[in-house]
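User: Hey, I've got a structure open and I'm a bit lost. Can you walk me through it?
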Amino acid sequence: MFMSDDVEEIRRKLVVFRDRRNWKQFHDPKNLAEAISIEASELLEIFLWKTIDESRNLSENEIEYVKNEVADIFIYLI
């Protein structure tokens with residue numbers, strides 16, 4: 001499988017971050033899938049009860065929250 005150099009560099013840094021904290025023991029397929037699902041739910045929560053128009057016009061705080069949740073999902077996928 002081909003990975004761009006940038007994504008591979010991010011992956012290497014994440015592995016170092018993980019290993020420094022002794023988290024490898026938790027990074028099995030089941031736990032990672034659960035973590036992705038939880039983070040996706042946190043992302044979805046921001047849009048709960050919003051209209052389509054409201055979902056397209058988020059506040060600055062909500063946009064920051066969305067960015068953080070998307071980053072969390074990305075990290076678990078990597």
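**Around helix α4**

Analyst: Sure. Let's start with α4: what covers its buried residues includes α2. Keep in mind that this is a predicted model.

User: Okay, which residues of α4 are buried?

Analyst: Val66, Glu69 and Ile73 are the buried residues of α4. Looking down the axis of α4, the buried residues fall within an arc of 70 degrees, so they line one face of the helix.

User: And which exposed residues sit on the face turned away from that buried side?

Analyst: On that face, α4 carries the exposed residues Glu60 and Asn61.

User: What span should α4 have, and how far apart are its end C-alpha atoms?

Analyst: With 18 residues at 1.5 Å a residue, α4 should span 26 Å. The end C-alpha atoms of α4 are 26 Å apart, which agrees.

User: Cool. New topic: how many salt bridges does the structure hold?

Analyst: There are eight salt bridges in the structure. One of them involves α4, so let's take that one now. The side chains of Glu62 and Lys50 meet at 2.8 Å, N to O. Glu62 lies in helix α4 (residues 60-77), while Lys50 is in the loop between α2 and α3 (52-55), so the pair ties together parts that are twelve residues apart in sequence.

User: Is Lys50 buried, exposed or partly exposed, then? Which is it?

Analyst: Lys50 counts as partly exposed because its relative accessibility is 28%, and the range for that label runs from 20% to 50%.

User: What about Lys30, which residue does it form a salt bridge with?

Analyst: Lys30 forms a salt bridge with Glu34, and their closest N and O atoms are 3.1 Å apart. Both residues lie in helix α2 (residues 29-45), four residues apart, which is about one turn of the helix. Glu34 has 39% relative accessibility, so Glu34 counts as partly exposed.

User: And where do Glu8 and Arg11 lie?

Analyst: Those two are in helix α1 (residues 5-20). Because Glu8 and Arg11 are three residues apart there, about one helical turn separates them. Their side chains meet in a salt bridge at 2.7 Å, N to O. Arg11 is partly exposed, at 28% relative accessibility.

User: Which residues do salt bridges with shared partners join into one network?

Analyst: That network is made up of Glu8, Glu9, Arg11, Arg12 and Lys13, joined by salt bridges that share partners. You've already met two of its members, Glu8 and Arg11, as a pair.

Notes. Residues are numbered from 1 along each chain as its sequence is written. This is a predicted model: local features need pLDDT of at least 70, side-chain atom pairs count only at pLDDT 80 or more; totals for chains, interfaces and linings use all residues. Side-chain values use heavy atoms; hydrogens and water are left out. A salt bridge is a side-chain nitrogen of Lys or Arg within 4 Å of a carboxyl oxygen of Asp or Glu. Buried means under 20% relative accessible area, exposed over 50%, partly exposed in between (1.4 Å probe, protein chains only). The expected span of a helix is 1.5 Å times one less than its number of residues. The arc is that of the directions from the helix axis to the C-beta atoms. Contact means heavy atoms within 4.5 Å.
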